[in-house]
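Reader: I would like to go through this structure and hear the reason behind each label. Please show it before we start.

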Amino acid sequence: MKNLRLAIGSAALSLASCATAPEPAPQPQPAPVSLAVPPPAERKVAPPPPPAPVAAPRRCDAAVTFQNEEVFAFMKSELTQAARARLDRDVVAKLAGCASVEAVVIEGHTDRMGSHRYNQKLSERRAESVKAYLVSKGSDSDKIETLGMGKTVPAKFCPDIKKRAELIACLAPNRRTIVSIKGPGR
């Protein structure tokens, strides 16, 4: 019993010391760990709309081919009446619709009949005939360039024709001029 008293007394003392002992002061809270804070999200601004497309300036570019007997008779460089009417309708009228003319290029062509030298000269005369006509209608001669292509760029081949008259008729598309116009429109 003595041991029991001693045990109770010790326990009572322990309890009494617990009741009277001040509670330990609370430990200070550790400072919060600061995480890298991203900057406030930048406000996304939509890019301005692209400018309205500007309409491409109108052009008065054109290429007109005059061929067959419409322009030149066989071995000739003088313009026919039909050629003049078509030049008025398809070239002179087109030139009038240009704000300015940058260039007019006239190519003269021939068929394969005749020598290379003869055809070269004939094609040059044909191109010059068209130029002279356009200048007579008010075109600036400094803006017109003529080229003689001779028989180097055929539009049609007629390999199997033996009779001269038939060959001349078959090769008619090669006897031509091509008028190319470049310039801004109105």
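Reader: In what order do the elements of the protein run from the N terminus on?
Author: The order in this predicted model is α-β-α-β-α-β-α-β. The secondary structure comes to four helices and four strands.

Reader: What makes β2 and β3 a pair of strands?
Author: A pair needs at least two bridges. Strand β2, residues 103-108, and strand β3, residues 144-148, have five bridges between them, in the parallel sense. They therefore count as paired. As one point along the pairing, Ile-106 stands opposite Thr-146 in β3.

Reader: Which helix joins β2 and β3 in a β-α-β unit, and what is the hand of that unit?
Author: Helix α3, residues 116-136, makes the unit together with β2 and β3, and the unit is right-handed. That term applies because, with the strands pointing away from the viewer, the path from the first strand over the helix to the second runs clockwise.

Reader: How do you know that Cys-60 and Cys-98 form a disulfide?
Author: The cut-off is a pair of cysteine sulfur atoms within 2.5 Å. The sulfur atoms of Cys-60 and Cys-98 are 1.8 Å apart, so the pair counts as a disulfide. The link joins distant parts of the chain, 38 residues apart: Cys-60 is in the loop between α1 (2-20) and β1 (62-66), and Cys-98 is in the loop between α2 (81-96) and β2. Both Cys-60 and Cys-98 are buried.

Reader: Why is the disulfide of Cys-60 and Cys-98 called right-handed?
Author: The torsion about its S-S bond is about 105 degrees, so it takes that label.

Reader: How many disulfides does the structure hold, and what is the pairing of the bonded cysteines in sequence order?
Author: There are two disulfides. The pairing is 1-2, 3-4. One of them joins Cys-158 to Cys-170, with an S to S distance of 1.8 Å. Here too the link is between distant parts of the chain, twelve residues apart, with Cys-158 in the loop between β3 and α4 (164-170) and Cys-170 in helix α4.

Reader: Is the disulfide of Cys-158 and Cys-170 left-handed or right-handed, and why?
Author: Left-handed, because the torsion about the S-S bond is about -85 degrees.

Reader: Why do Cys-158 and Cys-170 count as buried?
Author: Buried means under 20% relative accessible area. Cys-158 has 2% relative accessibility, so it is buried. Cys-170 has a relative accessible area of 12%, so it is buried as well. In the protein, buried residues make up 27% of the 186 residues.

Reader: Is Gly-138 buried or exposed, and why?
Author: Exposed means over 50%. Gly-138 has 63% relative accessibility and therefore counts as exposed. Gly-138 is placed in the loop between α3 and β3. Its C-alpha atom is separated by 9.8 Å from that of Leu-95, 43 residues apart along the chain.

Reader: How many cavities of 30 Å³ or more does a search of the whole structure find?
Author: One. The volume of the largest cavity is about 40 Å³. The space counts as a cavity because a 1.4 Å probe fits but cannot get out.

Reader: Which residues line the largest cavity, and how do they divide?
Author: The lining consists of Phe-74, Met-75, Thr-110, Asp-111, Met-113, Tyr-118, Asn-119, Leu-122, Arg-126 and Arg-175. They divide into five nonpolar, two polar and three charged residues.

Key
Residues are numbered from 1 along each chain as its sequence is written. This is a predicted model: local features need pLDDT of at least 70, side-chain atom pairs count only at pLDDT 80 or more; totals for chains, interfaces and linings use all residues. Side-chain values use heavy atoms; hydrogens and water are left out. On a 1 Å grid over the protein atoms alone, a cavity is a set of points where a 1.4 Å probe fits but cannot get out, and a pocket is an open set with protein on both sides within 12 Å along at least five of seven lines; lining residues have an atom within 4 Å of a point. Grid points are joined across faces, edges and corners, and a volume is the space filled by probe spheres set on the points. Ala, Val, Leu, Ile, Met, Phe, Trp, Tyr, Cys and Pro count as nonpolar, Asp, Glu, Lys and Arg as charged, and the others, Gly among them, as polar. Helices (H or I, at least four residues) and strands (E, at least two) are DSSP runs, numbered from the N terminus. Buried means under 20% relative accessible area, exposed over 50%, partly exposed in between (1.4 Å probe, protein chains only).
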